[in-house]
Amino acid sequence: MLDDALLGRIRSRAAAHDAANTFPFDDVAELAAVGYLRALVPTRFGGMGLTLSRLAAEQARLAAHAPATALAVNMHLVWTGVAKAMHERGDTALEFVLTEAAQGAIFGFGVSEPGNDLVLFGSSTDAAPQHGGGYRFTGTKVFTSLSPAWTQLGTMGLDNSDPARPLIVWAFLDRAEPGITRKDDWDTLGMRGSQSQTTLLDGAYAPADRVVRTFPPGPVNDPLIFGIFATFEILLSAVYTGIAQRALELGVESAKRRRSAKNDGRPLAQDPDIRRRIAEAALLLDAVYPQIQTLARDVDDLVDHGPFWFARLAGLKHRSVESAKQVVDLMLRVNGGASYFAGDELGRLYRDVLAGLFHPSNADSAHATVATAWLGPLDV
């Protein structure tokens, strides 16, 4: 979907958006124009009908050109991917997401909260039930990518109106709804163009037809939770792997261009230490790409991994981010001190790749999920 000319224009703007800490409206407009924001929407709903495996490959390419742009649109693509996965499994609750995405709506991901390491399974946001089945949400959401651009926000909160039966409530809020504000607080080390600002909810209303799930706090076996976990982890892994791919390309270019005074002016590409670093980076990447594609195809093909699904998805995210960090680090060593200067692309990739540490599932959570899959839950 993304031709070289489009990707080239997006890359040409990435450094400026990073330096000025601005949102890439121009990138998002071009991506929308070619249908990228409706890539996962089935054709029957007016979309492009791409599979998750195909889109993961496209996201890696986009991230190699503009990591922050890829991360920003990732959150919209996650919601369309969740809706697609649910639809393919016979659940129609999010079909409005598919229809509206095809019509130009942009979906934000308003889930993360300060200090909430329960992530999908608990919330510090209050969800107050209203007459007629709607809810009013009050709380703080952080890392809300696409903050300047989203038109609909998928979010969740806790309905504690019956203390004996608390409920996690998932719903979608319209940007025009009163009680939604964003803080201009995204001044970060990396991924600056994503503008993942804090969102403040103060009684923001979701009508009954936008309330898509209620269930008890804690892990649940539900298509919505599976869809979020699967699509989020796979597409996120693709983004950070794309960053690593670009770092490797830059490292190879640097090794061929730079000369060694101690080796009679020969290219650094002839230096055994440099060659080993390039090889190590390539080996790391070669191991990650098949994992992304295999798990994405399994989601596309409705493969049932049973209790190991979440372990494999969490493991993929953990391995892909850690591998990407290692690749970028190796290529910094190949490129030398030039990477330490502001404006160097490898230096920017180094800052961007660090953001992967903070997305769920983090290292501790991934290991806990895998241990539970193999050993069962901890005794209470």
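Reader: Which residue follows α8, and what is the sign of its phi?
Author: This is a predicted model, where local features need pLDDT of at least 70, side-chain atom pairs count only at pLDDT 80 or more, and totals for chains, interfaces and linings use all residues. Residues are numbered from 1 along each chain as its sequence is written, and side-chain values use heavy atoms, with hydrogens and water left out. Helices are DSSP runs of H or I with at least four residues, strands are E runs of at least two, and both are numbered from the N terminus. Right after α8 comes Gly336, with a positive phi near 80°.

Reader: How far apart are the end C-alpha atoms of helix α8?
Author: Helix α8 covers residues 309-335, so 27 residues at 1.5 Å each should span 39 Å. That expected span is 1.5 Å times one less than the number of residues. The prediction agrees with the model, whose end C-alpha atoms are apart by 39 Å.

Reader: How many of the 27 residues of α8 are buried?
Author: Buried means under 20% relative accessible area, exposed over 50%, and partly exposed in between, using a 1.4 Å probe and protein chains only. α8 is largely enclosed by the rest of the structure, because the buried count is 19 of 27.

Reader: And what share of the chain's 380 residues is buried?
Author: The cut-off is again under 20% relative accessible area. Across the chain's 380 residues, the buried share is 54%.

Reader: What radius of gyration does the chain have?
Author: The radius is taken over C-alpha atoms, and the globule rule is 2.2 Å times the number of residues to the power 0.38. For 380 residues a compact globule would come out near 21 Å, and the chain agrees, at 21 Å.

Reader: How many helices and strands are there in the chain?
Author: Helices and strands here are the DSSP runs. The chain's secondary structure comes to 10 helices and 10 strands.
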